[in-house]
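Student: I am new to this structure and would like to look closely at one kind of place in it, the loops. Please take me through some residues found there, and then through whatever surroundings seem worth following from them.

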Amino acid sequence: MINYLYQEQNWQTQLSQLITDPHELLDILQLPPEQLLSGAILASAEFKLRVPRAFVAKMQKGNPLDPLLLQVLPHHLELEEHTGFVTDPLGEEAANQLAGVLHKYKSRFLLTLTGACAVHCRYCFRRHFPYQENLPKNEDWLPIKNYLLQHPEINEVILSGGDPLTLSNRKLAVWIERLESLEQIKILRIHSRVPIVIPERIDEELTYLLKNSRLRVILVVHANHAAELDDTTCTKLSTLIQAQVLVLNQSVLLKGVNDSAEVLVELSQRLFEAGVLPYYLHVLDKVKGAHHFDLSANVTNQIYTDLLANLPGYLVPKLVREIAGEKNKTPLYGAVTF
Ligand SMILES: *Cc1c(COP(=O)(O)O)cnc(C)c1O
Ligand code: SF4
């Protein structure tokens with residue numbers, strides 16, 4: 001099977017050979033199509049199946065409940081309507097002032113350079129958001145620069161998306177150079193799932209680019225389960241850590257995927273082995289189509305209580321929710337009244 005050739009290929013080739021056909025995915029995983037295929041085809045009409053072969057290679061063959069598969073395979077339950085589950089749960093469409101820019105958090109400024117992702121995560125709040133229509137072009141740098149100059153409190157720029165590491169190194173270099181030209185910017189943060197789903201994305205050129213930036217670079221990857229962190233992935237992440245990049249991980253708490261303290265403990269320990277620290281554990285954004293991943297507040301609290309009891313503090317991610325209009329991510333556990 002050509003499935004295994006991905007290791008020899010560079011990341012651009014992998015990005016051009018994503019699996020988008022549910023039939024092919026089930027075939028590779030040796031899953032009988034009867035139960036899963038029709039729902040997958042229906043649900044992918046709303047939000048397409050999209051998954052790199054390197055990520056599929058981390059899945060267990062013959063297991064329809066594989067925690068990595070559940071994150072990417074369209075499911076008929078996505079088509080159900082549920083009250084409270086909406087297309088724009090974070091109200092981001094309203095917060096959008098300039099092309100590709102989101103400034104909701106005081107010192108941090110979110111820059112979206114692409115709407116594309118290497119993988120389509122079924123629970124993602126961006127599944128309905130029209131980023132594609134609102135991306136900054138070269139001529140948008142001037143207004144963005146002026147905005148930053150008018151807001152000297154901004155010292156950190158977050159490249160988010162979509163997924164910024166689907167962009168070429170050349171394009172990234174252009175934007176990093178622009179940001180470096182502003183003295184007030186000290187920190188460059190990159191939010192990306194690509195290093196997890198296509199580890200070869202961390203190539204020499206990218207490592208060189210980040211290592212030699214004037215900015216302090218933070219990479220926040222996104223893995224939800226220890227099985228996402230195979231040896232290749234961990235080795236690639238270590239390369240960046242050796243290049244002085246701070247690597248953190250964020251996860252989403254997902255029913256059926258990582259809804260137990262054991263699974264989350266294993267994830268934190270595996271991250272730590274790779275030199276990565278857990279940062280956030282997000283509760284699910286109430287996005288239309290993701291209801292079947294949702295967990296009750298009680299279950300969530302129980303899992304988090306067990307997590308606290310089983311890990312050193314530095315391996316416990318912060319449990320948070322993003323609430324539309326709030327000035328920061330809202331911590332959900334341990335609120336104490338004095
Ligand atoms: C999450 C987020 C940030 C970054 O927040 P941190 O708490 O610093 O990780 C910045 N801007 C927006 C719009 C966000 O949603
Ligand atoms: S933005 Fe992140 S979570 Fe959403 S689909 Fe893209 S990679 Fe997945």
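Tutor: Helices, of at least four residues, and strands, of at least two, are DSSP runs numbered from the N terminus. The model is a predicted one, and with these names in hand we can begin with Gln30, which is found in the loop between helix H2 (22–28) and helix H3 (33–44). Its phi is near 55°, a positive value in a residue other than glycine. Gln30 counts as exposed because its relative accessible area is 56%, and exposed means over 50%.

A second glutamine can be described in the same terms. Gln244 lies in the loop between helix H11 (231–242) and strand S6, and its phi, near 70°, is again positive in a residue that is not glycine. At 58% relative accessibility, Gln244 also counts as exposed. Another loop, the one between strand S3 (156–160) and helix H8 (169–180), holds Gly162, and here the feature to look for is in the backbone: the peptide bond from Gly161 to Gly162 is cis, with omega near 10°.

The loop between strand S8 (318–321) and strand S9 (330–331) deserves a longer look, since Lys329 lies there. An unreviewed UniProt entry places the feature "modified residue: N6-(pyridoxal phosphate)lysine" at Lys329. Is this lysine buried or exposed? Lys329 has a relative accessibility of 18% and therefore counts as buried, the limit for that word being under 20%. Apart from neighbours within four places in sequence, Lys329 is in contact with Tyr105, Tyr280, His282, Val320, Arg321 and Glu322. With one of these, Tyr105, there is a polar contact from side chain to side chain, at 3.2 Å.

Tyr280, which is in contact with Lys329, leads on to another part of the model, because Tyr280 is also among the residues that line the largest cavity. That cavity has a volume of about 60 Å³, and the model has three cavities of 30 Å³ or more. Other residues of the lining include Asn249, Gln250, Leu264, Leu267, Pro278 and Pro317. Strand S6 (246–252), helix H12 (261–273) and strand S7 (277–282) are the elements that give two or more residues to this lining. By class, the lining has eight nonpolar and four polar residues, with no charged ones.

Conventions. Residues numbered from 1 in each chain as written. Chains lettered and ligands numbered in written order. Predicted model: local features only at pLDDT ≥ 70, side-chain atom pairs only at ≥ 80, totals over all residues. Heavy atoms only, no water. 1 Å grid on protein atoms, 1.4 Å probe; cavity = no way out; pocket = protein on both sides within 12 Å on 5 of 7 lines; lining within 4 Å. Points joined across faces, edges and corners; volume = space filled by probe spheres on them. Nonpolar A, V, L, I, M, F, W, Y, C, P; charged D, E, K, R; others polar. UniProt positions renumbered as here; feature names shortened; annotations may be inferred. Buried < 20%, exposed > 50% of the residue type's maximum accessible area, 1.4 Å probe, protein only. Contact = heavy atoms within 4.5 Å. Polar contact = N/O pair within 3.5 Å; in protein donor to acceptor, adjacent residues only side chain to side chain.
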